[in-house]
Amino acid sequence: MSRHVRVAETRCEMSWIVMPSQTNALGTVFGGQVMAWIDVCAAISAQRFCRSDVVTASMDQLVFEAPIKHGWVAVVIGHVTWAGTTSMEVHVEVLAEDPYSGARTQTAEARLTFVALDADGNKRRVPTLLCETDEQREAQNGGRERQQARLEARARARRGAT
Ligand SMILES: CC(C)(COP(=O)(O)OP(=O)(O)OC[C@H]1O[C@@H](n2cnc3c(N)ncnc32)[C@H](O)[C@@H]1OP(=O)(O)O)[C@@H](O)C(=O)NCCC(=O)NCCS
């Protein structure tokens with residue numbers, strides 16, 4: 001029988017103080033650094049869901065809505081929103097936390113898809129995702145459609161590459 005995992009069990013929250021080595025000439029964090037944080041946080045969420053190795057298959061459009069300043073705290077929060085057969089979708093939001101007031105503002109968000117692998121590196125089935133809130137159910141309901149759009153984009157890219 002397939003294992004069931006609650007969305008809450010997949011949650012991952014990570015925080016870092018933004019260091020000078022992670023910033024550009026404007027004193028705000030590099031986009032590539034934010035992408036790396038997103039990928040790591042999402043991978044941990046995916047592993048908490050399937051309890052196996054995972055690989056990143058894709059990251060949807062990433063929009064940087066606001067910068068994060070040197071000395072501020074970058075908070076990255078992820079959770080699984082949808083599960084297919086061997087793949088799962090993770091939503092990640094990136095917040096900037098003012099270290100003095102504690103106020104948090106959203107700076108970026110992304111959806112990533114991971115594929116679960118067994119010990120031999122072959123794709124393996126993922127558990128069933130258990131949603132417990134209306135918000136979680138709403139996110140899950142759109143998952144099949146979002147995944148279809150990704151696979152269509154992959155097919156278009158493959159056609160373009162030949
Ligand atoms: C991701 C990868 C495992 C997919 O393998 P594949 O044999 O092409 O995959 P399939 O077409 O059989 O699809 C397997 C699953 O992945 C999903 N998938 C494949 N490509 C995808 C994409 N671009 N975006 C989202 N999902 C994708 C499929 O929908 C399928 O999900 P399902 O089982 O839930 O229906 C393979 O392309 C790969 O290893 N890519 C490199 C991964 C990597 O190096 N990442 C960076 C470092 S971790």
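A residue is called buried here if 20 or more other C-beta atoms lie within 10 Å of its own. In this predicted model, α3 is hardly covered by that criterion, since the count of buried residues among its 19 residues is 1. In α1 (31-50), by contrast, the buried residues include Val34, Trp37 and Ile38. The protein chain has 162 residues, of which 30% are buried.

**Overall architecture**

- The protein chain contains 3 helices and 8 strands.
- Read from the N terminus, these elements follow the order β-β-α-β-β-β-β-β-β-α-α.
- The C-alpha trace of the protein chain spans about 50 × 45 × 30 Å along its principal axes.
- The radius of gyration of the protein chain is 17 Å, which agrees with the value near 15 Å for a compact globule of 162 residues.
- Of the contacts in the protein chain between residues at least 6 apart in sequence, 73% join residues at least 24 apart.

**Helix α1 and the nonpolar core**

- The 20 residues of α1 should span 28 Å at 1.5 Å a residue, and the 29 Å between its end C-alpha atoms agrees with this.
- The buried residues of α1 are Val34, Trp37, Ile38, Cys41, Ala42, Ser45, Ala46, Phe49 and Cys50.
- An α-helix has 3.6 residues a turn, so residues three or four places apart point the same way.
- The elements that cover the buried residues of α1 include β1 (4-6), β2 (12-17), β3, β5, β6 and β7.
- The largest nonpolar core has 37 residues, and those touching the most other members are Ile38, Ala46, Ala74, Met88, Val92 and Val94.
- At least two residues of this core come from each of α1, β5 (73-83), β6 (87-97) and β7.
- With 8 residues, α1 is the element that gives the most to this core.
- Beyond its neighbours within four places in sequence, Val94 is in contact with Val34, Trp37, Ile38, Ala74, Val76, Thr107, Ala108 and Glu109.

**From the end of α1 into β3**

- Arg51 is placed in the loop between α1 and β3, just after α1.
- Although Arg51 is not a glycine, its phi is positive, at about 50 degrees.
- Arg51 counts as partly exposed because it has 13 C-beta neighbours inside 10 Å.
- Asp53 belongs to strand β3 and is also partly exposed, with 16 other C-beta atoms within 10 Å.
- Asp53 and Met88 are 35 residues apart along the chain, and their C-alpha atoms are separated by 12 Å.

**Surroundings of the ligand**

- There are 15 residues around the ligand, and Ser58, Gly84, Thr85, Thr86 and Ser87 come nearest.
- Two or more residues of the shell around the ligand come from each of β3 (53-59), β7 (104-117) and α3 (143-161).
- By residue class, the shell around the ligand holds 4 nonpolar, 8 polar and 3 charged residues.

**Helix α3**

- For the 19 residues of α3, a rise of 1.5 Å a residue gives an expected span of 27 Å, and its end C-alpha atoms are 27 Å apart, which agrees.
- Although α3 is hardly covered, this helix gives two or more residues to the shell around the ligand.

How values were computed: Residues are numbered from 1 along each chain as its sequence is written. This is a predicted model: local features need pLDDT of at least 70, side-chain atom pairs count only at pLDDT 80 or more; totals for chains, interfaces and linings use all residues. A residue is near a molecule or strand if its C-beta atom, placed from the backbone, lies within 6 Å of it. Helices (H or I, at least four residues) and strands (E, at least two) are DSSP runs, numbered from the N terminus. Ala, Val, Leu, Ile, Met, Phe, Trp, Tyr, Cys and Pro count as nonpolar, Asp, Glu, Lys and Arg as charged, and the others, Gly among them, as polar. A nonpolar core is a set of buried Ala, Val, Leu, Ile, Met, Phe, Trp, Tyr and Cys residues joined through C-beta atoms within 7 Å. A residue is buried if 20 or more other C-beta atoms lie within 10 Å of its own, exposed if 12 or fewer, and partly exposed in between; C-beta atoms are placed from the backbone. Two residues are in contact if their C-beta atoms, placed from the backbone, lie within 7 Å. The radius of gyration is taken over C-alpha atoms; the globule rule is 2.2 Å times the number of residues to the power 0.38. The expected span of a helix is 1.5 Å times one less than its number of residues.
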